[in-house]
Each structure stands twice: as structure tokens, then as C-alpha cells.
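Open the model in your viewer and show side chains as sticks. This tour goes through charged pairs, one selection at a time.

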Amino acid sequence: MTPEQFKHIMRHQAATVVLVTTDGDDRAGLTATSLTSVSVDPPLVLFCVARAASAWPALSVTDRIGIHLLGEDSQELARRCATTGIGRFAHPAIGHDNGRTSVAGAVAWLECRTVDRIPAGDHHIVLAAPVRGGHGGRDQRGPLVYHDRRYTSVTEPKEQPRPGQV
């Protein structure tokens, strides 16, 4: 199978969009669609990073990672953090609280400790153990989803009342 055939097939898979961040002197961030839960006991997640990604040098050495599940209204932030050569952290939604990167309006977030980095083709699999986390609650909007090379949502539009209904 050629890389183009593989990419064409994988475009049919929908994936949630996360912002992966590091802190400290090598502060870096990237948009990822490969976040997967691995284990509940102990809690483990993984995501994949291209070796050519500008954030890889920082991710290759840090032991602290932030993972922020972006909300359906975060398309511009997701695009910004997927673009090379710009100030990814120069966005009003991104803050720095208590030495950690924060993302206002994130649907959920995890603060993780790096467990392992596994070479896999032109990527690395990063295995991480969540140490803290949180979410926006039941009334939070839905997650941002990437499908067929575009951002979308899984939230169904709310049914509008018919004329005469309250």
C-alpha cells in the first residue's frame, strides 16, 4: 500500500482533536488527532508525533505533558497549533497557570508524566500517565472532531421549537 492510499483510507476515520503542550524552557505545542486511552489501571494514554514535527525536540526530552481536548468552537486554535513557523502560544485561549499551559474552554484536560517514547515509522508513540485532569461538566459543548481533512462536531443541533410551542 502506498502512503497516499493509506492516507486516503484513514481520512474516513473521525478523531477528536487535542492540543499537546510542554512547559519550561522548551515550551512547545502541537495539534494531534491520535490520542488514545491505553489502560485504566494504571491510567495510561498515548499519542503519536511525527519525527519532523517542530514540537518533537521538546517532547523527546520532557517528562511533563499537557493534553487539552479542544471544544467544537476551537477550530482556529487547532489550525494555529498545526501550523509551523508561527507563535502557537500567542492565542487568547492559551494561558500559563502555576507553571502549566492552560487552554480556556477546553472540554477536558490531562496533566501527564511521560512514561515512554517508542519509534514507529516516521513517528514516535508517546506513552503518558495522567497525574491530574478535569473536564467542563455535563453541559459543556462537544469536542472538536477531525474528519476527511476538515474540522467538524459531533454535537447534534438542538431542535428548534415549532411556532406556537413554548
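The stops below cover salt bridges in this predicted model.

**Stop 1: the helix pair.** The structure holds four salt bridges; begin with the one between Lys7 and Glu4. Select both residues and look at the closest N and O atoms, which lie 3.0 Å apart. Both residues sit in helix H1 (residues 3-10), and because they are three residues apart there, about one helical turn separates them. Colour by accessibility and Lys7 comes out as partly exposed, with a relative accessible area of 42%.

**Stop 2: between two strands.** Next select Glu111 and Arg100, a salt bridge with its closest N and O atoms at 3.3 Å. This pair links distant parts of the chain: Glu111 belongs to strand E9 (residues 108-120) and Arg100 to strand E8 (residues 100-103), eleven residues apart. Is Glu111 buried or exposed? Its relative accessible area is 11%, under the 20% cut-off, so Glu111 counts as buried. Arg100, at 23% relative accessibility, is partly exposed.

**Stop 3: a second partner.** Keep Glu111 selected and add Arg132. Their side chains form a salt bridge as well, at 3.0 Å from N to O. Here too distant parts of the chain are linked, with Glu111 in strand E9 and Arg132 in strand E10 (residues 123-135), 21 residues apart. Arg132 is partly exposed, at 49% relative accessibility.

**Stop 4: the network.** Finally, show Arg100, Glu111 and Arg132 together. Which residues do salt bridges with shared partners join into one network? Arg100, Glu111 and Arg132 are joined in this way.

Methods:
Residues numbered from 1 in each chain as written. Predicted model: local features only at pLDDT ≥ 70, side-chain atom pairs only at ≥ 80, totals over all residues. Heavy atoms only, no water. Helix = DSSP H or I, 4+ residues; strand = E, 2+ residues; numbered from the N terminus. Buried < 20%, exposed > 50% of the residue type's maximum accessible area, 1.4 Å probe, protein only.
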